[in-house]
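Here is a friendly walk through one protein model. Have the viewer open as you read, and follow along residue by residue.

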Amino acid sequence: MTENERQHALSLSNYWIYRVFDVKKQPIIYKIKNPLKDNLAEIIPVKYQVNVKIKK
């Protein structure tokens, strides 16, 4: 989830997250009504940026 998506989830009353599993064989779709509104989801920010120094 991006920061923009998180902000929309917190501001919109009709926000849903769809999770799809087993797409190739027999798709199962889970609909989750805005888990951020009722604190049903834990938000853990995870992002890494790696800059590699190259010798010339």
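## The strand pair

In this predicted model, Arg19 has Tyr30 as its bridge partner in strand 2. That pairing belongs to a wider arrangement: strand 1 (residues 16-21) and strand 2 run antiparallel and are joined by 6 bridges. Another pair to pick out is Phe21, which stands opposite Ile28 in strand 2.

Tyr30 deserves a closer look. Tyr30 lies in strand 2, and its contacts beyond four places in sequence are Ile17, Tyr18, Arg19 and Phe21. Is Tyr30 buried or exposed? The answer falls in between: Tyr30 has a relative accessible area of 46%, so it counts as partly exposed, since that class covers values from 20% to 50%. For a sense of distance, the C-alpha atoms of Tyr30 and Ile43 are separated by 19 Å, with the two residues 13 apart along the chain.

## The turn between the strands

Which residue of the hairpin takes a positive phi? With 6 residues between strand 1 and strand 2, the hairpin has Asp22 in that role, at a phi near 55°. As general background, most residues other than glycine have a negative phi. Asp22 is not a glycine, yet its phi is positive, about 55°. Asp22 sits in the loop between strand 1 and strand 2, and Asp22 is partly exposed because its relative accessible area is 39%.

## After strand 2

Two residues in the segment after strand 2 are worth selecting: Asn34 and Lys37. Asn34 is in contact with Ala9, Leu12, Tyr15 and Trp16, once neighbours within four places in sequence are left aside. Asn34 has 3% relative accessibility and therefore counts as buried, the limit for that class being under 20%.

Lys37 touches Ala9, Leu10, Ser11 and Leu12, again not counting residues up to four places away in sequence. Its relative accessible area is 43%, so Lys37 is partly exposed. Lys37 and Lys25 are 12 residues apart along the chain, and their C-alpha atoms are separated by 33 Å.

The accessibility values discussed above are gathered here.

| Residue | Relative accessible area | Class |
|---|---|---|
| Asn34 | 3% | buried |
| Asp22 | 39% | partly exposed |
| Lys37 | 43% | partly exposed |
| Tyr30 | 46% | partly exposed |

## The largest pocket

Now turn to the open space. Rolling a probe the size of a water molecule over the atoms shows where empty space is left. The largest pocket has a volume of about 300 Å³. Its lining holds 14 residues, and those closest to the pocket centre are Met1, Arg6, Ile43, Ile44 and Pro45. What is the make-up of this lining in nonpolar, polar and charged residues? It divides into 9 nonpolar, 1 polar and 4 charged.

## Confidence

How confident is the predictor in all this? The mean pLDDT of the protein is 89, and 100% of its residues reach 70 or more. Among the elements, strand 2 (residues 28-33) has the highest mean pLDDT, at 93, and helix 1 (residues 3-11) has the lowest, at 90.

How values were computed: Residues numbered from 1 in each chain as written. Predicted model: local features only at pLDDT ≥ 70, side-chain atom pairs only at ≥ 80, totals over all residues. Heavy atoms only, no water. pLDDT = per-residue confidence, 0-100. Helix = DSSP H or I, 4+ residues; strand = E, 2+ residues; numbered from the N terminus. 1 Å grid on protein atoms, 1.4 Å probe; cavity = no way out; pocket = protein on both sides within 12 Å on 5 of 7 lines; lining within 4 Å. Points joined across faces, edges and corners; volume = space filled by probe spheres on them. Nonpolar A, V, L, I, M, F, W, Y, C, P; charged D, E, K, R; others polar. Buried < 20%, exposed > 50% of the residue type's maximum accessible area, 1.4 Å probe, protein only. Contact = heavy atoms within 4.5 Å. Pairing = 2+ DSSP bridges.
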